[in-house]
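Biologist: Could you take me through one part of this model at close range? I'd like a connected tour rather than a list, please.

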Amino acid sequence: MYESGIVAENIKKTAKAANIQLKDMLLALHLNKNTLSNMYNGSMLKGDSLARIADYLGCSVDYLLGRTDNQK
């Protein structure tokens, strides 16, 4: 369905564009520091974690999933 590596890359790209350090974001959201690494290796986030990341980055979950090019 959705490739976790692509979702991880979208998270990384969006955070970089907003000048957000990934480690700071993961710490603030109480997510494991290896979350993105795990995603690149095939693990997918739970829906609530993905929603919290989207809220933190100011974008939609659909954008992170690659379902739309519109961040909002």
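Biologist: Let's start with serine 60: in which loop, between which helices, does serine 60 lie?

Modeller: Happy to. Keep in mind that this is a predicted model. Serine 60 sits in the loop that links helix 4 to helix 5, the latter spanning 61-65. With a relative accessibility of 16%, serine 60 falls under the 20% limit and therefore counts as buried. Setting aside residues up to four places away in sequence, its contacts are Ala54, Thr68, Asn70, Gln71 and Lys72.

From this loop we can step back into helix 4, which covers residues 47-57. Helix 4 has a partner in helix 1, residues 4-17: the two axes come within 10 Å and cross at roughly 20°. An angle under 35 degrees counts as roughly parallel, so that is how helix 1 and helix 4 run relative to each other. The crossing of helix 1 past helix 4 is left-handed.

Which side chains make up this meeting? On the helix 1 side they are Val7, Ile11, Thr14 and Ala15, and on the helix 4 side Leu50, Ile53 and Leu57. Sorted by class, this contact of helix 1 with helix 4 contains 6 nonpolar residues, 1 polar residue and no charged ones.

Valine 7 deserves a closer look. Its place is in helix 1, and at a relative accessible area of 1% valine 7 is buried. Apart from neighbours within four places in sequence, valine 7 touches Met39, Met44, Leu50, Leu64 and Leu65. Leu50 in that list also belongs to the helix 4 side of the contact with helix 1, while Leu64 and Leu65 fall within helix 5, residues 61-65. Met39 in turn lies within helix 3, residues 35-40. For a sense of distance, valine 7 and leucine 31 are 24 residues apart along the chain, and their C-alpha atoms are separated by 16 Å.

Helix 3 has a buried residue to show you as well. Threonine 35 is found in helix 3, and its relative accessibility of 8% makes it buried. Beyond its neighbours within four places in sequence, threonine 35 is in contact with Leu26 and Leu45.

Now for the charged pairs. Side chains of opposite charge can pair when their charged atoms come close. Across the whole structure, the search finds 2 salt bridges. One of them joins the side chains of arginine 52 and aspartate 48, at 3.9 Å from N to O. Both residues are in helix 4, and because they are 4 residues apart, about one helical turn separates them. Arginine 52 has a relative accessible area of 31% and is partly exposed; aspartate 48, at 49%, is partly exposed too.

The other salt bridge brings us back towards the loop where we began. Aspartate 62 pairs with arginine 67, and their closest N and O atoms are 3.1 Å apart. Aspartate 62 is partly exposed at 34% relative accessibility, whereas arginine 67, at 54%, counts as exposed.

Let's finish in the segment after helix 5, where aspartate 69 lies. With a relative accessible area of 77%, aspartate 69 is exposed, in contrast to the buried serine 60. Aspartate 69 and glycine 47 are 22 residues apart in sequence, with 20 Å between their C-alpha atoms.

Methods:
Residues numbered from 1 in each chain as written. Predicted model: local features only at pLDDT ≥ 70, side-chain atom pairs only at ≥ 80, totals over all residues. Heavy atoms only, no water. Axes fitted to C-alpha atoms, helices over the stretch in contact; angles between N-to-C directions. Helix = DSSP H or I, 4+ residues; strand = E, 2+ residues; numbered from the N terminus. Parallel < 35°, antiparallel > 145°, perpendicular 65-115°, else oblique. Left-handed = near helix turned anticlockwise from the far one by under 90°. Contact = heavy atoms within 4.5 Å. Nonpolar A, V, L, I, M, F, W, Y, C, P; charged D, E, K, R; others polar. Buried < 20%, exposed > 50% of the residue type's maximum accessible area, 1.4 Å probe, protein only. Salt bridge = Lys/Arg side-chain N within 4 Å of Asp/Glu carboxyl O.
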